[in-house]
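The following report concerns a single protein chain and its secondary structure, burial and strand pairing.

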Amino acid sequence: MTDRRGLKMTQEQAASPEVELEDFGMDAAAELEEMRAERDEMRDKFMRALAEAENSRKRADRDRKEAELYGSTRLARDLLPVHDNLSRALQAIPEESRAASAALIEGVELTLRELTNVMTRHGITTISPAIGDVFDPQLHQAMFEAPLPGTKAGQIIQVMTEGFLLHDRLLRPAQVGVSSTPG
């Protein structure tokens, strides 16, 4: 029998791995250490690749959910002026003309109601501050400040337009006037 180097071996030597390592000396030990280091490096690369794949999957999942929730932001912003104009049209009708234009007014109200229902179904909610509410810079945009007797600084004194949220994101802040009367 011969070993890997082509040297003759006895039956005992062939059966004993220790003898073989002794025969090889430092070359075998160095080769074994090199293979272990290579194995550890490959294991490290594999674990890193596995972690990166998992991170990519989570990132793709998060991006998909975000696109699902907020993908309609541009369309929603484009619909806000339509909502505003229908609301202003209803507010602009003089009381004496309401009886004569009842069918037209009802049509505009139904259109506004349907638009509001569609917006609600798609996660758009209205921010409707009331006069006297406290100004919140996260939801409101101050268009002006004016001292008004009987109010405290920071209270809303006029609402110009409603604001809107898409799920939890601000589409447009409510535009308001704020009191600057010292407390």
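What percentage of the residues in the protein chain is buried? Buried residues (under 20% relative accessible area, 1.4 Å probe, protein chains only) make up 23% of the 183 residues. The model is predicted: local features need pLDDT of at least 70 and side-chain atom pairs pLDDT 80 or more, while totals for chains, interfaces and linings use all residues. Residues are numbered from 1 along each chain as its sequence is written, and side-chain values use heavy atoms, without hydrogens and water.

The chain contains five helices and six strands, assigned as DSSP runs (H or I, at least four residues; E, at least two) and numbered from the N terminus. Their order is α-α-α-α-α-β-β-β-β-β-β.

Helix H5 has 20 residues and reaches 28 Å from its first C-alpha to its last. Its buried residues are Ile105, Val108, Leu112, Leu115 and Met119. These cover an arc of only 90° around the axis (taken from the directions from the axis to the C-beta atoms), which puts them on the same side of H5. They pack against H4, E1 and E4, a contact being heavy atoms within 4.5 Å. On the other side of H5, Ala103 and Arg121 are exposed (over 50%).

Strand E4 also runs antiparallel to E5, with three bridges joining them; pairing requires at least two DSSP bridges. Leu165 has Leu170 in E5 as its bridge partner.

Two residues with positive phi are tabulated below.

| Residue | Location | Phi |
|---|---|---|
| His167 | hairpin of E4 and E5 | near 55° |
| Gly123 | following H5 | near 85° |

Key. Expected span 1.5 Å × (residues − 1).
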